[in-house]
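User: Hi! I am new to reading protein structures and would like to learn how to look at one step by step. Could you show it to me and guide me through?

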Amino acid sequence: MANATDFIASVYNTLATTFNMGGSPPPNIFMQMAWPGISINSEDCKDSTGRYDPFLAEELFSSLANIAPALSKSKFENSAFYIDDLYDIILSSARPNGVADADLEANPMYKLFADAQYEFGRYVRGSNADPLEIYHPCKATPSNWYDETAANCWTNIKIESNQIKPVDTLDANSPFVKFNGLKLMENGLMKVKTANVIKTPINIRLVNLSTNNKVALENKFKTASFNTTPSLFRLNSEKVFKAMDTNKADQPSVILNNTFKIKLLTVNTKNTIKRPLPFNYYVKNEKVLNNVKTQDINTDKLIVKPKIFSVRNSIFLNDLLIRDLPTQPSVGTDGFSISFNFCRLNIDRPWLNLALLSLPGWNIYGGSQGQYSTGSAENNPGIFPMLTTSFILISNVCITANWSATDKANLTNAVSFGPFDIRNSTFNQNKLEIKGMQIIASFSKLTPILAPTASPFA
């Protein structure tokens with residue numbers, strides 16, 4: 001009968017086939033399983049009266065869509081970088097090749113990057129939790145994805161135990177085999193809580209993780225010397241928002257106002273600085289550090305309590321809580337079957353011009369060719385190798401199996417089972433039911449070569 005590895009492979013292959021990723025998928029698009037899934041609490045999309053608020057839902061979705069995934073063909077992994085940060089750095093550091101400073105303002109390509117900066121600055125909103133924090137809105141299709149009643153109408157998938165094939169009988173064209181899905185199983189399936197992890201204050205873990213990340217990133221990109229000169233773009237964006245009513249930011253009259261574009265071109269003509277990478281964000285963010293306490297954590301479920309932090313910080317902290325938990329393999333359980341509803345959630349970023357980044361003939365000031373992405377799925381050490389284009393959102397998950405005594409004991413203390421977040425689950429009569437919605441996978445495509453050429457000042 002089907003074991004846990006066979007079961008996970010079947011779920012992956014079923015989703016891949018459903019979305020035409022089996023056989024011969026596009027060479028630049030990959031289905032990445034969340035490991036574990038990213039839970040969505042619909043309460044975070046409701047206002048104080050209990051009604052769904054589309055602006056709260058937009059901020060939540062935008063924060064999820066803003067995660068820059070690490071390079072992987074089979075696993076969605078948070079790189080700890082944000083897409084809008086990376087895009088901001090690239091736009092404000094881009095320079096057309098072979099153009100003298102005196103001629104930049106009249107250069108067509110430079111104008112395209114200046115226009116993109118202007119549009120990027122227009123599409124900014126204050127967080128609903130803290131207006132001092134900003135986010136760049138992303139549009140979701142379908143737009144009512146957060147409504148639990150709508151989730152009941154999503155497409156249903158059922159995989160019976162007799163439909164699950166053993167992994168060792170799958171051929172090389174099986175999506176799970178082809179994209180190295182077996183590697184996901186190497187460290188076990190269940191992330192299990194331990195007393196030591198719960199007793200360690202989250203703010204101490206946060207400092208340690210951020211410090212370690214900073215050291216690792218600085219070693220990884222030690223060839224690039226970034227100084228601390230303030231971003232000229234941020235200085236100019238302050239000017240435009242002081243002169244512009246935020247509530248009218250999306251009105252056509254703003255688009256027709258070219259004053260800021262002209263100023264931006266003039267200032268950027270003199271822009272010869274190197275933009276700093278967003279190292280160590282959470283250590284520098286004293287507000288987050290000072291507010292992260294163990295009493296803000298549900299130690300039973302290991303979940304950051306909602307609406308205490310901004311959406312961006314909540315997502316990061318939830319990921320931090322379970323990232324380093326020990327894993328246990330599934331032992332002796334077989335006869336798996338599963339049913340769930342699913343929806344493909346497409347992402348539109350109106351502030352990101354990927355076509356512009358795909359143009360040849362420009363460089364990132366002070367950077368090497370392909371420093372942010374080589375455009376390849378192999379040997380791509382850049383920090384912006386992939387861009388998420390859609391999520392697979394699931395709900396009403398029910399997993400049944402002939403659970404072994406060992407697995408039953410681990411499940412009571414587990415926060416995840418493979419790609420499934422089970423912190424909000426119930427277990428009864430060999431049936432594991434997971435309430436609510438969660439992102440189980442994403443579709444990400446390779447970014448183009450960033451930058452297409454090396455800077456003469458590298």
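User: How many residues does helix 1 have, and how far does it reach from its first C-alpha to its last?

Analyst: A word on the source: this is a predicted model, where local features need pLDDT of at least 70 and side-chain atom pairs count only at pLDDT 80 or more, while totals for chains, interfaces and linings use all residues. Residues are numbered from 1 along each chain as its sequence is written, and side-chain values use heavy atoms, with hydrogens and water left out. Helices (H or I, at least four residues) and strands (E, at least two) are DSSP runs, numbered from the N terminus. An expected helix span is 1.5 Å times one less than the number of residues. Helix 1, residues 4–18, has 15 residues and reaches 21 Å, close to the expected 21 Å.

User: Is helix 1 largely enclosed or left open?

Analyst: Here we use relative accessible area: buried is under 20%, exposed is over 50%, and partly exposed lies in between (1.4 Å probe, protein chains only). In helix 1, 11 of the 15 residues are buried, so the rest of the structure largely encloses it. Among the buried ones are Phe-7, Ile-8, Val-11, Tyr-12 and Leu-15.

User: What caps the N-terminal end of helix 1, and what follows the helix?

Analyst: The cap is a polar contact, meaning a pair of N or O atoms within 3.5 Å; within protein, one must be able to donate a hydrogen and the other to accept it, and residues adjacent in sequence count only if both atoms are side-chain atoms. Asn-3 provides this cap, with a side-chain oxygen 3.1 Å from the backbone nitrogen of Thr-5. After helix 1 comes Asn-20, with a positive phi near 60 degrees.

User: Now for sheets. What is the order of the strands in the open sheet of four?

Analyst: In general, strands of a sheet pair through backbone hydrogen bonds, either parallel or antiparallel. Two strands count as paired if DSSP finds at least two bridges between them. This open sheet has the order 13-10-17-18, with antiparallel pairing. Strand 13 (327–328) and strand 18 (420–421) are at the edges with a single partner strand each, so one side of each has no neighbour in the sheet. Two bridges link strand 13 to strand 10 (residues 190–192), and Lys-191 faces Thr-327 of strand 13.

User: Which strands form a hairpin with two residues between them?

Analyst: Strand 19 and strand 20 do, and Gln-429 in their turn has a positive phi of about 55 degrees. Four bridges join strand 19 (residues 425–428) to strand 20 (residues 431–446) in the antiparallel sense, and Phe-427 has Leu-432 as its bridge partner. Asn-430 sits in the loop between these strands; its phi is also positive, near 65 degrees. At 28% relative accessibility, Asn-430 is partly exposed.

User: Where are the cis peptide bonds from Trp-35 and from Thr-141?

Analyst: One runs from Trp-35 to Pro-36, with omega near 10 degrees, and Pro-36 is in strand 1 (residues 29–40). The other runs from Thr-141 to Pro-142, with omega near 5 degrees; Pro-142 lies in the loop between strand 8 (139–141) and helix 5 (148–151).

User: Last one: how many disulfides are there?

Analyst: A disulfide is a pair of cysteine sulfur atoms within 2.5 Å, and the count here is zero. As for two cysteines, Cys-153 is exposed at 70% relative accessible area, whereas Cys-398 is buried at 16%.
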